[in-house]
Amino acid sequence: MTQLEEDLSHTARVPVTPQTAHPAYRLPYVDPDFMRSDPLRGVRLQLELEKPESLLRAEGVNSTVVMFGGARIPSPAEKARARTPTLAALSHYYEEARSFARMVTEESLKRGGGELVIVTGGGPGVMEAGNLGARDAGGRSVGLGIVLPHEQAPNEYVTPELCFNFHYFAIRKMHFLMRAKAITVFPGGFGTLDELFETLTLIQTDRMERMPVLLFGGKFWRKIVNWEALAEAGTISDEDLDLFSFVETAEEAWRAMRGKV
């Protein structure tokens, strides 16, 4: 038994008095009210950074391939229930995401299983497809979930020991990118756009090393963002358009990144 465990055992056995029953007497690290207080925000941020980092290190996850994309994109089998015809039409990207994750995981297993591990946000849609594809290949995958009012439990295909939950978006984003060797971005909404532009900004400003950033669905992305207009306006450089490329299929994406990871 460690000294910490001995202290916890001791405090559990002390007599109940007005003094020992008061929250002030609790050891700080087992006092939930104290841990949730505003002055402890910095500590909570550190804990969210360190817990997944420690567990990923212990599990031997050295590098990852990130899969961003919409939670609302259905599988082909579910496309009839999609909210809009556009979402139904995008359902084939579920299968592309699944195939891509399988290909990457097969390569990961050839390298011992600790490199090029698939990481998703752990939710439904494209994220589910990524975790499912990794399982199809017999490998592991990471899920970086976040507590949101409308979010459900993690999808069932995330490797349990690599399934994490976050309160802070900022720390979750750090974990997406800290081990990344390639980034794939499937059609999605605000969250996907946020993740895409944050990634491009970090690469553009040399905060991250340059790596393949592959956008699945050129028609979708060119309609959503007028990339050339940004360059023409001078708000980005012409060279910034080379920070990413468009792909349509899992095979095309794998060929685009294969020699660079």
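Does Asp-206 count as buried or exposed, and what is its relative accessibility? At 67% relative accessibility, Asp-206 counts as exposed. The legends below come back to this residue after a look at the whole chain, which is a predicted model.

**Figure 1. The whole chain is built from twelve helices and seven strands.** Welcome to the overview. The C-alpha trace spans about 70 × 45 × 40 Å along its principal axes. The chain has 261 residues, and 44% of them count as buried. A search of the whole structure turns up 14 salt bridges, and several of them appear in the close-ups that follow.

**Figure 2. Asp-206 and Leu-116 each have a positive phi.** Most residues other than glycine have a negative phi. Asp-206, not a glycine, has a positive phi of about 65 degrees. Look for Asp-206 in the loop between helix 9 (190–204) and strand 6 (213–216). Leu-116 also has a positive value, with phi near 55 degrees. Leu-116 sits in the loop between helix 6 and strand 2 (117–120). While Asp-206 is exposed, Leu-116 counts as buried, because its relative accessibility is 1% and the cut-off for buried is under 20%.

**Figure 3. A salt bridge joins Arg-98 and Asp-136.** Here the two side chains meet at 2.6 Å, N to O. Arg-98 belongs to helix 6 and Asp-136 to helix 7, so the pair ties together parts that are 38 residues apart in sequence. Helix 7 covers residues 126–136. Both partners are partly exposed: Arg-98 has a relative accessible area of 25%, and Asp-136 has 33%. While you are here, find Thr-105 as well: its C-alpha atom is 8.9 Å from that of Asp-136, although 31 residues separate the two along the chain.

**Figure 4. Helix 6 crosses helix 12.** Helix 6 takes in residues 92–110, and helix 12 takes in residues 250–258. Their axes come within 8 Å and cross at roughly 40 degrees. That angle makes helix 6 oblique to helix 12. The crossing of helix 6 and helix 12 is right-handed. Another salt bridge to look for is the one between Glu-107 and Arg-111, whose closest N and O atoms are 2.9 Å apart. Glu-107 counts as buried at 18% relative accessibility, whereas Arg-111 counts as partly exposed at 37%.

**Figure 5. Helix 8 and helix 9 pack together and share a salt bridge.** Helix 8 (residues 169–178) meets helix 9 at an angle of about 60 degrees, and the axes are 12 Å apart. The two helices are therefore oblique to each other, and helix 8 passes helix 9 in a right-handed crossing. Asp-194 forms a salt bridge with Lys-173, with 2.7 Å between the closest N and O atoms. This pair links distant parts of the chain, with Asp-194 in helix 9 and Lys-173 in helix 8, 21 residues apart. Asp-194 is partly exposed at 34% relative accessibility, but Lys-173 is buried at 19%.

**Figure 6. A nonpolar surface patch and a salt-bridge network.** Leu-4, Leu-8, Tyr-29 and Val-30 form a nonpolar patch on the surface. Together these residues have about 340 Å² of accessible area. Tyr-29 lies in the loop between helix 2 (18–21) and helix 3 (32–35). With a relative accessible area of 43%, Tyr-29 is partly exposed. To finish, pick out Arg-26, Asp-31, Asp-33 and Arg-36, which are linked in a network of salt bridges.

Terms used: Residues are numbered from 1 along each chain as its sequence is written. This is a predicted model: local features need pLDDT of at least 70, side-chain atom pairs count only at pLDDT 80 or more; totals for chains, interfaces and linings use all residues. Side-chain values use heavy atoms; hydrogens and water are left out. Patches are made of residues with over 30% relative accessible area and no salt bridge: like charges are joined within 9 Å, nonpolar side chains (Val, Leu, Ile, Met, Phe, Trp, Tyr) within 5 Å. Accessible areas come from the Shrake-Rupley method with a 1.4 Å probe; for residues, only the protein chains shown count as cover. A salt bridge is a side-chain nitrogen of Lys or Arg within 4 Å of a carboxyl oxygen of Asp or Glu. Helices (H or I, at least four residues) and strands (E, at least two) are DSSP runs, numbered from the N terminus. Buried means under 20% relative accessible area, exposed over 50%, partly exposed in between (1.4 Å probe, protein chains only). Axes are lines fitted to C-alpha atoms, for helices over the stretch in contact, and angles run from 0 to 180 degrees between N-to-C directions. Angles under 35 degrees count as roughly parallel, over 145 as roughly antiparallel, 65 to 115 as roughly perpendicular and the rest as oblique. A crossing is left-handed if the near helix is turned anticlockwise from the far one by less than a right angle, and right-handed if clockwise.
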